[in-house]
Every structure is written in structure tokens, then in C-alpha cells.
Amino acid sequence: MSDFEAILKAYERSGGDPNFLRSSKVASLVISGNRVLGANQVPGVRIEPEEIEHGVRVKVIVEPGTRLDVPAHLCFGVIPAEGVQKILPEFEIGAGAQAEFIAHCTFPNAVNVRHLMEAHIHVGKNATMKYSETHYHGETGGVEVVPKAQVTVDEGGHYSSEFALTTGRVGKLDFDYVVDVAARGVAELTAKAYGYGNDAISVKETIRLNGEHARGLAKSRIAVRDEATSEVMGSTEGNAPFARGHVDCIEVVRDRATASAIPVVRVRDDRAYVTHEAAIGTVNKKELETLMSRGLDEETAVDVIIRGMLEG
């Protein structure tokens, strides 16, 4: 099997459709370790990858006014059991553009794999960027993933991201996104993870509402069981008149697992309004009893409830 076919099989296992990565009509990028296996451009979108030691530096430019009819598809992975992958992406979304990216990161055979991402993202005036990232780390817990991003949203821009790691082991996750939002801009961050065994989850989401009427939502849905741990810090700052922000964190804990939540709200203008909500606890007893009365054993019923929460 070629490296390209191997990474496509791993991509499919993580929930992606490999047909998009084969299509000449879809903007796409395929990276295995520090090798670029494929990069396809479409009108209005430039993808410029550069192989570096242990990874790839990539610039993605969406020209002003461009509207992608089909999401761009990105695949990052490490097929061997051991390795280091460093991805250094830079996204430039031009004024008035609308672009969606669907990314899958997969490490199906990982025993000792480290994946580092340091992204810089600029969403131009009145532009929209949606970024959905799904991870699959195999079943051994031998992965350390460190995704970090610095995001700037210009006036009237809209940035939304969703990070999901809910199938297979987590290993160690250290997630840290920071977004600065200008006037009438919007930022929405969502992180979802399901840890078990001795998985360790750390999620930090920071939104700084720096312009008038800026809006932001930092949302997390985390579940841990066995001896896994999770720590969530969601922070929203209202730094300008009429800014509106909210921190929304829900964690479910089972067995000997440990979960903590630190919602942070800061207001530097008396016309801004920022709220927070955090909840940690076990699954709902009534829901559990209802599912068990329908024939599910307790372990399966708990998993159904947790996955329902993660989908919300």
C-alpha cells in the first residue's frame, strides 16, 4: 500500500470521506509525517505547503470575495507507531470571503507520537471562516497533541471552530486557542473530548472582544472516566462598548476520574456584558434509568448519554 493510500484509509477511519481528497474540484491538502502527499488548489484558493524537519509549514490564502461552494479538506496524520509531526499553518481569509475547512488528524497506530500545531489565522473584514477538526488517536493512548492558535477577526468578520476528539483514546491533549475580535465581529469556539484510561485533557479557550458590538462564545463539552483527568479554562473578555460574550462548560465525570473547570470573565467597559456557566457532575440518573429499562446495560447506557452530550 502506498503512503497516500495508507493515509487515506486512516482519514476514512477518523470519519473523513477520502473521495474529497482525490477530487480535482475540491481544495485539499494531505500531509503524512513531514511529507506533503497531495495539495490541490481551486480558483480563489492558494495552498502553499513547505516541508520542514519533523513537519510542514503551510500557507492557505482565500482571495477577497471568494466563496467556496464545497469545503476545503485537510488531512494530517502519522502512520508509524512513533514520530513527531509539527504543522505550522497560516490562514489568510480575504475581505468578504466565505470559506469552510474540514480537517481530520489521525494517528491510528500510535504508541509514541507527538503532534504539534501552531496556527496563525486572519479573518478579514466581513469574511467568514468555519474550521472543523476531528481527531482519531487509536486505542493505546500513546499520543500527545498540542494544538495552539492565534486568531484575529477583523471588523464584521465571523470565525467559528470545532475541535472533536471523541472516538478512541485521547492520550494527552493540550488545547489552547486565543481569538481577538474587532467591531461587530463574531467568534465561536467549541471543544469536545472523551477521555478514559489515564488520558489527560487540558482545554483553554480565550476570546477577547475588542471592538464595539463584538460577540463571542467559548463552549466546551468534556467527559472523563476511569482515571482520566480534565481541566477546562474558558475565558471571555468584554473590552469594548456593547460587546457580548459567554463561557459555557459542561463536564461529565465517572469512576475515579477528575474534572475541573475555571470559567473566567473580564469586563473593561461598563457597557459590555459577559456571562459564564459551568457544570460538572455524573450522568443524569433519570436518563440512565430510562435507557436501562429499555434493555441497555449500565456501561452502554452511560456511553449513550455521554455521546449525546458531546453532540450537543
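**Two open sheets, a cavity and a pocket**

Strands β15 and β17 run parallel and are joined by 10 bridges; strands here are DSSP runs of E of at least two residues, and helices are runs of H or I of at least four, both numbered from the N terminus. Two strands are taken to pair if DSSP finds at least two bridges between them. The model is a predicted one, in which local features need pLDDT of at least 70 and side-chain atom pairs count only at pLDDT 80 or more, while totals for chains, interfaces and linings use all residues. Residues are numbered from 1 along each chain as its sequence is written, and side-chain values use heavy atoms, with hydrogens and water left out.

Within the β15 and β17 pairing, I222 has E251 of β17 as its bridge partner. E251 is also a convenient place to continue across the sheet, for its bridge partner in β19 is I280. Strand β19 (residues 273-281) runs parallel to β17, with 9 bridges between them. These strands belong to an open sheet of 10 strands with mixed pairing, ordered β2-β1-β5-β7-β9-β11-β13-β15-β17-β19. Its edge strands, β2 (35-40) and β19, each pair on one side only. On average, neighbouring strands of this sheet are turned by 5 degrees against each other, direction ignored; the axes behind this value are lines fitted to C-alpha atoms (for helices over the stretch in contact), with angles from 0 to 180 degrees between N-to-C directions. Further along the order, β9 and β11 run parallel and share 7 bridges, and Y131 has S161 in β11 as its bridge partner.

Another open sheet is built from 9 strands, again with mixed pairing, in the order β3-β4-β6-β8-β10-β12-β14-β16-β18. Because β3 (45-52) and β18 (258-267) stand at the edges with a single partner strand each, one side of each is left without a neighbour in the sheet. Here, too, neighbouring strands are turned by 5 degrees against each other on average, direction ignored. At one edge, β3 pairs with β4 (residues 55-62) in the antiparallel sense over 8 bridges, and P49 stands opposite V58 in β4.

Empty space was examined next. On a 1 Å grid over the protein atoms alone, a cavity is a set of points where a 1.4 Å probe fits but cannot get out, a pocket is an open set with protein on both sides within 12 Å along at least five of seven lines, and lining residues have an atom within 4 Å of a point. The whole structure holds 1 cavity of 30 Å³ or more. The largest cavity has a volume of about 40 Å³, and its lining includes E205, K219, D248 and C249. Strands β15 (215-224), β16 (229-238), β17 (244-253) and β18 each supply at least two residues of this lining.

The largest pocket has a volume of about 210 Å³. Of its 15 lining residues, T134, A164, T166, T167 and E311 lie nearest its centre. Two or more residues come from each of β9 (128-136), β11 (158-165) and α4 (298-311). Domain 1 (3-283) and domain 2 (284-312) each give at least three residues to the lining of the largest pocket; the domain bounds come from an automatic or database assignment.

Finally, the structure holds 6 aromatic pairs. One of them joins F163 and F175, whose ring centres are 5.1 Å apart and whose planes stand at 55 degrees, so the pair is tilted. Rings of Phe, Tyr and Trp (its six-membered ring) pair if their centres lie within 6.5 Å, with planes under 30 degrees apart counted as stacked, over 60 as edge-to-face and the rest as tilted. This pair links distant parts of the chain, F163 in β11 and F175 in β12 (residues 172-181), 12 residues apart.

Methods:
Points joined across faces, edges and corners; volume = space filled by probe spheres on them.
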